[in-house]
Amino acid sequence: MFFESWAGILRTLVIGTLAYGALVALLLISGKRTLTKLNAFDLVITVALGSTLATVLLSKDVTLAEGVAAFVLLIGLQFIVTWSSVRWAAFSRLVKADPTLLFYQGRMLERPLRQQRVTESEVRAVIRATGHSVMDEVEAVILETDGSFSVLPRVEGLAGSLQHDVDNYPPSAA
């Protein structure tokens, strides 16, 4: 259907503006951490907030108050997970994965690649995307907890400075 009524458009404009304002206010109150994408839980919250906003905007069955309650719930749950993760290492291990080393000093690490379902060609593409044309320029490639890749250039004397929390860094002789 192309057009139903001006009332529907007016509702979308008014409710959309109010819902957007409420979401922005809640995000400002909750702090920057709410929208970071450091792990899978962060991604879920970001997607869920967007989906909730879209539902409030487009569904006549969901009231503004219900949408704002959903925002508060999602942001509150994110706060509880991140607050608990900072305070209890066991909880943090339960909800977060460690970064994984996939490439180290010129060699692909087969087992981590298989475990993370990443191909060697994908690692090479990530390396190229960072501007490296020679594999010897790269110390390591790490799959981060948010699904992104970090490419660490080879720098003499600095090995291990940022890698203390990476699974299998440096890799054991296999």
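A crossing of two helices is left-handed if the near helix is turned anticlockwise from the far one by less than a right angle, and right-handed if clockwise. That is the one term to have in hand for the close-ups below, which all come from a predicted model.

**Figure 1. Helices α1 and α3 make a right-handed crossing.** Here we look at helix α1, residues 6-30, against helix α3, residues 64-87. The two pack at an angle of about 20°, and their axes are 10 Å apart. Angles under 35 degrees count as roughly parallel, so α1 is roughly parallel to α3. On the α1 side, the contact uses Ile-15, Leu-18, Ala-19, Ala-22, Leu-23, Leu-26, Leu-27 and Ser-30. Facing them from α3 are Leu-64, Val-68, Phe-71, Val-72 and Ile-75. Sort the residues of this contact by class and you get 12 nonpolar, 1 polar and no charged.

**Figure 2. Helix α2 runs roughly antiparallel to α3.** Helix α2 covers residues 40-58. Its axis and that of α3 come within 10 Å and cross at roughly 175°. Anything over 145 degrees counts as roughly antiparallel, which is why this pair gets that label. From α2, the contact takes in Phe-41, Asp-42, Ile-45, Ala-48, Leu-49, Thr-52, Leu-53 and Val-56. From α3 come Leu-64, Gly-67, Ala-70, Phe-71, Leu-74, Ile-75, Gln-78 and Thr-82. The tally for this contact is 11 nonpolar, 4 polar and 1 charged residues. Leu-64, Phe-71 and Ile-75 of α3 may look familiar, since they also meet α1.

**Figure 3. Thr-82 is a buried residue of helix α3.** Thr-82 sits in α3, where it is part of the contact with α2. With a relative accessible area of 12%, Thr-82 counts as buried, because the cut-off is under 20%. Leave out residues up to four places away in sequence, and Thr-82 touches Arg-33 and Asp-42. Asp-42 belongs to the α2 side of the helix contact.

**Figure 4. Val-141 is buried in strand β3.** Strand β3 is made up of residues 138-143, and Val-141 is one of them. The relative accessible area of Val-141 is 0%, so there is no doubt about calling it buried. What does Val-141 touch, leaving aside its neighbours within four places in sequence? The list is Thr-100, Leu-101, Leu-102, Phe-103, Val-123, Ile-127, Phe-149, Ser-150 and Val-151. For a sense of how sequence and space compare, take Val-141 and Gln-105: they are 36 residues apart in sequence, yet 9.3 Å apart in space, C-alpha to C-alpha.

**Figure 5. Val-166, in the segment after β4, is buried.** Strand β4 spans 149-153, and Val-166 is found in the segment that follows. Its relative accessible area is 8%, so Val-166 counts as buried. Setting aside neighbours within four places in sequence, Val-166 is in contact with Pro-99, Thr-100, Leu-101 and Ile-142. Thr-100 and Leu-101 are also among the contacts of Val-141. Val-166 and Leu-102 are 64 residues apart along the chain and 10 Å apart C-alpha to C-alpha.

**Figure 6. Gln-105 and Arg-117 are two loop residues with positive phi.** Gln-105 lies in the loop between β1 (100-104) and β2 (107-108). Gln-105 isn't a glycine, but it has a positive phi of about 45°. At 42% relative accessibility, Gln-105 counts as partly exposed. Arg-117 is in the loop between α5 (110-116) and α6 (120-129). Its phi is near 60°, again a positive value in a residue other than glycine. Is Arg-117 buried or exposed? At 72% relative accessibility, Arg-117 counts as exposed.

**Figure 7. Stepping back, the whole chain is more spread out than a compact globule.** The chain has 6 helices and 4 strands, and from the N terminus on they run α-α-α-α-β-β-α-α-β-β. The radius of gyration is 22 Å, well over the 16 Å that the globule rule gives for 174 residues, so this is more spread out than a compact globule. Along its principal axes, the C-alpha trace spans about 65 × 40 × 25 Å. Of the 174 residues, 31% count as buried. Among contacts with a separation of 6 or more, 55% come from residues 24 or more positions apart.

Methods
Residues are numbered from 1 along each chain as its sequence is written. This is a predicted model: local features need pLDDT of at least 70, side-chain atom pairs count only at pLDDT 80 or more; totals for chains, interfaces and linings use all residues. Side-chain values use heavy atoms; hydrogens and water are left out. Axes are lines fitted to C-alpha atoms, for helices over the stretch in contact, and angles run from 0 to 180 degrees between N-to-C directions. Angles under 35 degrees count as roughly parallel, over 145 as roughly antiparallel, 65 to 115 as roughly perpendicular and the rest as oblique. Contact means heavy atoms within 4.5 Å. Ala, Val, Leu, Ile, Met, Phe, Trp, Tyr, Cys and Pro count as nonpolar, Asp, Glu, Lys and Arg as charged, and the others, Gly among them, as polar. The radius of gyration is taken over C-alpha atoms; the globule rule is 2.2 Å times the number of residues to the power 0.38. Buried means under 20% relative accessible area, exposed over 50%, partly exposed in between (1.4 Å probe, protein chains only).
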